[in-house]
Amino acid sequence: YVSSSEEDSLIVSLPYGNDAANQFPFSPGMSFEISSDSMGLGVRATASFKKLVDGKRVALQLNNDLQMFQRRSTPRIDSKIGLRYTRGQGTLKALRKTWEKNIKLLYSSSAPLMFEGFKPCQVNISAGGIRFNLRPPVSPAELCLLLLNLNDGKPPICALSEVIWTRPENDETIIVTGMRFINILEKDVQRITEFVAQKS
């Protein structure tokens, strides 16, 4: 979240805990895109890493390239797929490492296909994210490590996701939860795109 600005810099607060900025592998001059949108219409600009402000905040140097844009919504479908997940246990750094380990295991030439332990789950899915029901409490910016079995004969897709929005349902005993993928392989994005197209 943008918490303040100073001259040509933005101070950005990371929502993943008080030590999140120290966990992320920032480096001098690292490139970023800053964007915000509502109802598909938004603004964006590029920036570069300037400095750590504290354990939760970083300063980004803005470039002179502010643009308006219209976000194209990615096709999405309601479907029943195999789903396993781990909710926000540990830090951003720890979950990113677990995601990397899972990717190596899933796509190792010697690894067997792993389809056990998946429960059928009704989801709404697109190449950019997923929606399904969770038990409360659930809060925006909560992290979740997902394994998705598309029943296509290939290894499950592993994605690190972030809760974007929530909506209570059934007297708040179930929370409808929308997530976006923040760590996912490009080839897995393509697999989801093809899955959605086939089911549409």
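What follows is a walk through the aromatic contacts, the charges over rings, a nonpolar surface patch and the largest nonpolar core of this structure, which is a predicted model.

A convenient place to begin is with the aromatic side chains, since a search of the whole structure finds four aromatic pairs. In one of them, the ring centres of F26 and F32 are 6.0 Å apart and the ring planes meet at 40 degrees, so this pair is classed as tilted. The two partners fall on either side of the 20% limit that separates buried from partly exposed residues: F26 is buried, with a relative accessible area of 18%, whereas F32, with a relative accessible area of 21%, is partly exposed.

F26 also takes part in a pair with F49, in which the ring centres are 4.9 Å apart and the planes lie at 10 degrees, so the arrangement counts as stacked, the cut-off for that class being under 30 degrees. Because F26 lies in the loop between helix 1 (20-23) and strand 3 (31-38), while F49 belongs to strand 4 (residues 41-52), this pair ties together parts that are 23 residues apart in sequence. F49 is itself buried, at 12% relative accessibility. Taken as a group, F24, F26, F32 and F49 form one aromatic cluster.

Elsewhere, aromatic rings are found with charged side chains over them. R84 lies over the face of F118, at 5.4 Å from the ring centre, and the charged end of K187 sits over the ring of Y107, 4.0 Å from the centre of that ring.

Strand 4, which holds F49, is also the place of V43, a residue that brings us to the surface. V43 has a relative accessible area of 34% and is therefore partly exposed, and together with L41, L66 and M68 it makes a nonpolar surface patch of about 430 Å².

The interior can be approached through the largest nonpolar core, which has 26 residues, and among these I125, I130, F132, L146, L148 and I192 touch the most other members. Several elements of secondary structure contribute to this core, with at least two residues supplied by each of strand 7 (76-87), strand 8 (119-126), strand 9 (129-134), strand 10 (143-149), strand 11 (157-169), strand 12 (174-183) and helix 3 (186-199). Of these contributors, helix 3 gives the most to the core, with four residues.

Terms used. Residues are numbered from 1 along each chain as its sequence is written. This is a predicted model: local features need pLDDT of at least 70, side-chain atom pairs count only at pLDDT 80 or more; totals for chains, interfaces and linings use all residues. Side-chain values use heavy atoms; hydrogens and water are left out. Rings of Phe, Tyr and Trp (its six-membered ring) pair if their centres lie within 6.5 Å; planes under 30 degrees apart count as stacked, over 60 as edge-to-face and the rest as tilted. Buried means under 20% relative accessible area, exposed over 50%, partly exposed in between (1.4 Å probe, protein chains only). A charge sits over a ring if NZ of Lys or CZ of Arg is within 6 Å of the ring centre and within 35 degrees of the ring normal. Patches are made of residues with over 30% relative accessible area and no salt bridge: like charges are joined within 9 Å, nonpolar side chains (Val, Leu, Ile, Met, Phe, Trp, Tyr) within 5 Å. Accessible areas come from the Shrake-Rupley method with a 1.4 Å probe; for residues, only the protein chains shown count as cover. A salt bridge is a side-chain nitrogen of Lys or Arg within 4 Å of a carboxyl oxygen of Asp or Glu. A nonpolar core is a set of buried Ala, Val, Leu, Ile, Met, Phe, Trp, Tyr and Cys residues joined through side-chain atoms within 4.5 Å.
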